[in-house]
Amino acid sequence: MAERITLPTHGSYPPQPRGFDLLRLPGLRHFLRWKHARLVFQLPLLLLALFVIVDGLTGRQLAPRNFATTATWLHYRGLVVVALAVAGNAFCAGCPLMLTRRPANFLKRMLGREFRWPKALKSKWLVGFLLLAVFFSYEAFNLWASPWLTAWLAIAYFAGALAIDAFFPKGTFCKYVCPLGNFNFMFASISPTQVTATDTSICDSCSEKPCLHGRESYADPTRASGDLAFIPLSSVTHANGEGQFPGCETNLMVPTMTGNMDCTSCMNCVRACPYDNVSITVRSPARELLARAWDRRWGLPLMTVATAMLYWGLLNAMAMVPPFYDVAEWLSRTLTTRNETLLLGVIFAGITVLGLVVSLAAAVASDAVGGKGVHPRAAIMRWGYVFVALGFGFWAAHYLFHFLTGAASIWPVTQHFFEWRGFDVDPNWRIARFIPSSWLFPTAAAVSGAYALLASYVTIRIALRDFGRKAALAMWPMLLFVLAITAFQVVVLALPMEMRGTILGPTL
Ligand code: SF4
Ligand code: SF4
């Protein structure tokens, strides 16, 4: 039985964006209504995942020559940020992990019961911890340099999705566990599209809310399983007439959505809504950041994790530049240890705490000079969206930098996959770069700068929204913070990125 949630009273839906509906593009609505539409995106990504696992486990253990390390750390990450910036959460839409759903359902039937996800884990704290664990492991175990470990990471993702969905309700893995999915959910807040209700007055009279609960419609009502909302065929004004159409696995009801958080772009709602009342609406990238969307969904835990993501992004890039080795060396002498895992742990903890404190201080300062007193929770929930824009800008700049340095290498790496297995192919290793080297830094800096402008715009709009005549005062601490962080980001991007062996540097 689909999990039920409390519905709002009729007519109390929050405002949604009203831009162009992408489903009006010729053929798109028709295609997305097709029940196998998601499979069209999942199968190529499943094939890529299989290449990653096979080459990672059995291929040549040289990172730039192996499909696992290049496809995962160069191509996948680069394309994820491009998709988020220009379209939306496209990679969750094509997520091959969801192909474990059938075996998970089979295991669930064998178990004969479904467990409840523990109440204590129904927040974004676990996701924050798992994201930190992934970023830490990336540095501590040099994942980028190990095809074998990268393959095992992919296997762990598949095994985790299968196990969680076998024991717990559908959507649990996506919402409460998956670090990749939650990276996408958080940064889809700056995406220029959102799932919306086309006409909320139709939702008012839609008592069963099939976009949430799913729908089954048959000419013969006795065929209904009772697991989904039954909508008589005579009421369905949709090309998907008869059949079963699952609802939203992450418990979103379309007319109540104020943003993209938890939306996997699965398009179940498009298929389930009996009245063709779901749109994919084009919106401003600032819209969700200004809608206080996370006040109503996840609150402080999510905002804390999203703020920390700004600093984990910086750390992820800083660990590749020479000054990082100097800091590690100084820390090593101070703590009198050469244990790299311990040193990394101290650096991660230090930067996370320092970053959260500095961000909180900027938010509280803006509130205080704007006359709202010192209320840390209220301040971070008001201004935290500025950190999200800055965080995405840096992740995007960094990942794009690497993607552009080696995007075309997917071709010789694929050739090498077959050459390694005895096929008569001769990889052309000179193919790699998409743009000249001299364009790399300006491109990355421009991306970082563009999102700094977005963060500044969001700061000004928040100040105007919440501080009335004191808006001009309230915005300054945050604007100075945006300027300082952006300058720091550009300096990090300008430093030469090194091939890393150990965090204490190759000479020690
Ligand atoms: S199923 Fe369609 S009409 Fe009903 S609430 Fe959802 S979007 Fe609105
Ligand atoms: S069913 Fe839910 S997760 Fe899927 S696209 Fe619709 S709102 Fe997003």
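**Helix packing, domains and a ligand shell**

Helix 14 passes helix 17 in a left-handed crossing. This is a predicted model, and in it helix 14 covers residues 299–318 while helix 17 covers residues 376–406. The two pack at an angle of about 30°, and their axes are 8 Å apart. On the helix 14 side, the contact is made by L300, M303, A306, T307, M309, L310, G313, L314, N316 and A317. Helix 17 answers with R377, I380, M381, G384, F387, V388, L390, G391, F394, W395 and H398. Sorted by type, the residues of this contact come out as 14 nonpolar, six polar and one charged.

Staying with helix 17, another residue to look at is F392, which is found in this helix. Is F392 buried or exposed? A residue counts as buried if 20 or more other C-beta atoms lie within 10 Å of its own. F392 has 29 other C-beta atoms within 10 Å, so it is buried. Leaving aside residues up to four places away in sequence, F392 touches F187, I190 and Y451. There is also a long jump along the chain to point out: F392 and S189 are 203 residues apart in sequence, yet their C-alpha atoms are separated by 9.6 Å.

Now for the overall layout. The domain assignment splits the protein into domain 1, residues 12–287, and domain 2, residues 298–508. Measuring sticks aside, the C-alpha centres of domain 1 and domain 2 lie 26 Å apart. The contact between them takes 32 residues from domain 1 and 36 residues from domain 2. Which elements give two or more residues to the side of domain 1 that touches domain 2? They are helix 2 (37–58), helix 3 (67–86), helix 6 (125–140) and helix 9 (179–187). That side of domain 1 divides into 19 nonpolar, seven polar and six charged residues.

Last comes the ligand. Ligand 1 is surrounded by 13 residues, and the closest of them are C203, C206, C211, V254 and C273. Two helices, helix 10 (200–204) and helix 11 (210–213), each supply at least two residues of this shell. As for what kinds of residue make up the shell around ligand 1, eleven are nonpolar, one is polar and one is charged.

Note on methods. Residues numbered from 1 in each chain as written. Chains lettered and ligands numbered in written order. Predicted model: local features only at pLDDT ≥ 70, side-chain atom pairs only at ≥ 80, totals over all residues. Near = placed C-beta within 6 Å. Helix = DSSP H or I, 4+ residues; strand = E, 2+ residues; numbered from the N terminus. Nonpolar A, V, L, I, M, F, W, Y, C, P; charged D, E, K, R; others polar. Axes fitted to C-alpha atoms, helices over the stretch in contact; angles between N-to-C directions. Left-handed = near helix turned anticlockwise from the far one by under 90°. Contact = placed C-beta atoms within 7 Å. Buried ≥ 20, exposed ≤ 12 C-beta atoms within 10 Å, placed from the backbone. Domains from an automatic or database assignment.
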